[in-house]
Amino acid sequence: MDRLDEATIEQFHDSLDRCGSTSQFLGRFYQIFSASSPEVAARFSDTNFKTQTRALKTSFYMAMLASDQNTEASDYLERIAIRHNHKQLDIKPEFYILWLDSMIKAVSEFDPQFNNEVEQAWRRFMQPAIEFMMSRYES
Ligand code: HEM
């Protein structure tokens with residue numbers, strides 16, 4: 001897995017801070033993401049918002065771990081990735097593209113300094129985690 005460079009990590013965190021209230025920002029993300037496909041919406045039909053917000057915050061943490069090489073991190077990533085595979089939550093690889101595009105859309109609405117560079121920082125930041133999750137779909 002590719003390592004994240006410090007500049008990307010900093011740009012990501014600065015942008016996340018500028019997005020302000022986590023519940024409003026992640027609430028908007030969840031709305032955009034669910035609207036992106038009826039199949040995505042169906043996956044969350046029994047999910048409560050609090051659980052989902054927690055999972056999303058964890059996703060950012062996982063993005064950091066995914067670019068790291070330590071075993072503890074990879075055990076955790078492995079567990080979450082398996083939970084998303086075709087036998088369990090059945091999160092198809094294309095849903096991760098919608099996930100990231102929906103996240104970028106939410107950031108563009110909430111970060112007053114949003115621009116192409118900010119967008120690329122988010123994409124680079126999430127990429128290792130997304131690639132890892134996708135690679136476990138068939139497992
Ligand atoms: C990098 C991308 C993603 C990461 C890191 C991630 C991470 C997580 C985490 C940490 C949880 C909580 C699991 C647990 O505690 O056992 C979760 C739950 C879940 N995720 Fe993801 N996820 C990602 C992408 C997606 C995508 C694309 C979908 C598509 C619909 C999705 C759907 C779900 C669902 C349905 C749950 C279960 C919610 C519930 O408990 O009701 N995730 N995810």
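The largest nonpolar core of this predicted model takes in 39 residues, and a handful of aromatics and methionines do much of the joining: Phe25, Phe29, Phe60, Trp99, Met103, Trp122 and Met126 touch the most other members. Six helices feed this core with at least two residues each, namely α1 (6–18), α2 (22–35), α4 (49–66), α5 (71–83), α6 (93–110) and α7 (116–135). As a general point, nonpolar side chains tend to be buried together in soluble globular proteins.

Trp99 gives a feel for how such a residue is surrounded. Leaving aside residues up to four places away in sequence, Trp99 touches Phe29, Phe33, Leu56, Ser59, Phe60, Met126 and Ile130. Two of these partners, Phe60 and Met126, are, like Trp99 itself, among the residues that touch the most other core members.

Then there is the largest pocket, with a volume of about 760 Å³. Its lining counts 27 residues, of which Gln52, Ala55, Ser59, His84 and Leu89 come closest to the centre. Ser59 thus turns up twice, since this residue is also one of the contacts of Trp99. As for where the lining comes from, α3 (38–43), α4, α5, α6 and α7 each put in at least two residues, and α4 gives the largest share, with eight. In character, the lining splits into 17 nonpolar, six polar and four charged residues.

His84, already met close to the pocket centre, has another part to play in the picture. The iron atom of the ligand has a single donor from the protein, and that donor is NE2 of His84, at 2.1 Å. His84 itself sits in the loop between α5 and α6.

That loop between α5 and α6 also holds Asp90. Here the backbone does something a bit unusual to spot in a listing: phi of Asp90 is positive, at about 55 degrees, although Asp90 is not a glycine. With a relative accessibility of 22%, Asp90 counts as partly exposed, because the buried class stops under 20%.

Lys50, finally, belongs to helix α4, the helix that supplies eight residues to the pocket lining. Lys50 counts as exposed because its relative accessibility is 65%, against a cut-off of over 50%. Measured out along the chain, so to speak, Lys50 and Leu98 are 48 residues apart, and their C-alpha atoms are separated by 21 Å.

Notes
Residues numbered from 1 in each chain as written. Predicted model: local features only at pLDDT ≥ 70, side-chain atom pairs only at ≥ 80, totals over all residues. Heavy atoms only, no water. Core = buried A, V, L, I, M, F, W, Y, C linked by side-chain atoms within 4.5 Å. Buried < 20%, exposed > 50% of the residue type's maximum accessible area, 1.4 Å probe, protein only. Helix = DSSP H or I, 4+ residues; strand = E, 2+ residues; numbered from the N terminus. Contact = heavy atoms within 4.5 Å. 1 Å grid on protein atoms, 1.4 Å probe; cavity = no way out; pocket = protein on both sides within 12 Å on 5 of 7 lines; lining within 4 Å. Points joined across faces, edges and corners; volume = space filled by probe spheres on them. Nonpolar A, V, L, I, M, F, W, Y, C, P; charged D, E, K, R; others polar. Donors = N, O, S within 2.8 Å, 3.2 Å for Na, K, Ca; no water.
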